[in-house]
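Please open the structure in your viewer and keep the selection tool at hand. The tour below moves from one selection to the next and says what is found at each stop.

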Amino acid sequence: LFDGIYPFYPQQRKVTVFDVSTIIVIVVFLAFTCSFLLITPGIRGRARLYWTLRVLLSLLVGAVIIAVQFTGDWETGWVTANTSYKSFSHALVNADIGLHVGLAGVNITLRGNPVNQFNETIDYNEHFDWSFDADYDHSYSEGLERGLPSPILYVAEKFTTQSPCNMHRQYRISGHYASATLWVAFCTWLISNMLFSMPVLVYGGYMLLVTGAFIIFSLLSFSTVRNSPVCLIQFGTATLHIGYGGSFWLTLATGLLCFVAGITVVALHYFNLDLLKTFFDLREDKAEECQEMTEVYINTHFLKKEL
């Protein structure tokens with residue numbers, strides 16, 4: 001204790017965009033990528049380039065589908081304002097206030113300009129979870145007990161179940177269905193990889209199209225929060241506006257990539273099957289198709305005798 005005050009928060013603080021789960025996903029897929037790159041020298045000819053392109057694109061899609069489940073920047077917003085720092089105090093601080101919305105919770109950031117003001121370090125980042133196995137209101141009550149700065153509590157209050165804004169229910173339901181749809185997309189991605197490893201390439205292309213469709217469905221599910229009016233988050237004359245963040249646009253790009261890849265595979269199956277088999281290293285060489293006749297050894301003694 002320092003003068004009867006706890007110097008540390010009792011709970012672990014999370015970063016704004018990347019947390020431990022996201023880092024674990026990235027490390028696992030990087031390990032798969034490095035393992036594949038180590039065996040690429042054993043692939044001869046043009047097939048090495050085809051294998052590298054296919055595997056890297058497939059790992060990229062899988063990594064994005066899982067990683068965006070844990071990121072916190074599906075929606076982001078920043079505002080710079082002069083605002084009160086503590087309750088029951090008229091002192092104003094100049095600070096940057098950030099809001100970062102994910103599928104399972106919200107991060108609220110408060111950073112002073114400069115960081116040190118009134119002999120205190122103003123640099124906070126608090127996470128409030130609203131997944132179905134978490135109690136958002138309880139996390140907010142703990143923030144009140146710990147005496148978090150007023151701007152953080154003000155923004156967090158907008159997402160409580162008792163708030164008239166009704167933002168908690170909107171984001172919680174939409175985030176839940178978006179996450180569930182992404183997990184379905186991950187399953188279809190696994191099935192497409194299995195089909196591509198067998199000589200049924202067109203069905204792998206169809207499953208890629210299904211994967212892209214479920215990814216787009218997850219974006220549509222998350223976008224339903226825009227259908228309802230959102231309460232203004234205002235600090236004096238400044239208003240905190242939020243828009244789609246990096247995870248949303250990355251997921252959209254991944255879904256479009258799946259559509260392009262799936263359409264390309266299906267089109268090549270019907271219009272240029274040989275090129276498709278060449279790309280997936282399934283085409284037999286003509287030398288193997290037209291096998292040479294086995295050499296025949298003739299005994300010259302019997303040949304002379306017959307003559």
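A residue counts as buried here when its relative accessible area is under 20%. By that standard, buried residues make up 40% of the 307 residues in this protein, which is shown as a predicted model.

Begin with the whole chain in a cartoon view, where 10 helices and seven strands can be picked out. Among the contacts in the protein with a separation of 6 or more, 67% are accounted for by residues 24 or more positions apart.

**The sheet**

Next, select the strands β4, β3, β2, β1 and β7, which form an open sheet in that order, with antiparallel pairing. The edges are held by β4 (120-129) and β7 (243-244), and each of these has a single partner strand, so one side of each is left without a neighbour in the sheet. Helix α4, residues 150-157, packs on the sheet and touches β1, β2 (92-101), β3 (105-117) and β4, while its direction makes about 160 degrees with that of β3.

Stay with β1, residues 75-84, and look towards β7: the two strands run antiparallel and are joined by two bridges. Threonine 76 is a good residue to select at this point, since it stands opposite glycine 243 in β7.

Now turn to β2, which is joined to β1 by 10 bridges, again with the strands running antiparallel. Seven bridges join β2 to β3, and these two strands also run antiparallel; they form a hairpin with three residues between them. Which residues flank glycine 98 in the neighbouring strands? Select glycine 98 in β2, and you will find that it is the bridge partner of tryptophan 78 and that it also stands opposite threonine 109 in β3. Eight of the 10 residues of β2 are buried, so this strand is largely enclosed by the rest of the structure.

**The nonpolar core**

From the sheet, move on to the largest nonpolar core, which has 60 residues; those with the most contacts inside it are Leu99, Val106, Phe159 and Tyr171. Helix α5, residues 167-196, gives the most to this core, with eight residues. In soluble globular proteins, nonpolar side chains tend to be buried together.

Select leucine 99 and display its surroundings, leaving aside residues up to four places away in sequence: it touches Glu75, Thr76, Gly77, Val106, Asn107, Ile108, Val155, Phe159, Ile233, Leu240 and Ile242.

Then select histidine 168, which lies in helix α5. Is this residue buried or exposed? Histidine 168 has a relative accessible area of 7%, and it is therefore buried. Again not counting residues up to four places away in sequence, histidine 168 touches Trp130, Tyr136, Phe159, Thr160 and Thr161.

**A pair of helices**

For the last stop, select helix α2 (residues 47-67) together with helix α7 (residues 246-271). These helices pack at an angle of about 140 degrees, with their axes 10 Å apart, and α2 and α7 are therefore oblique to each other. The crossing of α2 and α7 is left-handed. To see how the two helices meet, show the side chains of Leu57, Val61 and Val64 in α2 and of Leu250, Thr254, Leu257 and Cys258 in α7, which make the contact.

Notes:
Residues numbered from 1 in each chain as written. Predicted model: local features only at pLDDT ≥ 70, side-chain atom pairs only at ≥ 80, totals over all residues. Heavy atoms only, no water. Core = buried A, V, L, I, M, F, W, Y, C linked by side-chain atoms within 4.5 Å. Buried < 20%, exposed > 50% of the residue type's maximum accessible area, 1.4 Å probe, protein only. Helix = DSSP H or I, 4+ residues; strand = E, 2+ residues; numbered from the N terminus. Contact = heavy atoms within 4.5 Å. Pairing = 2+ DSSP bridges. Axes fitted to C-alpha atoms, helices over the stretch in contact; angles between N-to-C directions. Parallel < 35°, antiparallel > 145°, perpendicular 65-115°, else oblique. Left-handed = near helix turned anticlockwise from the far one by under 90°.
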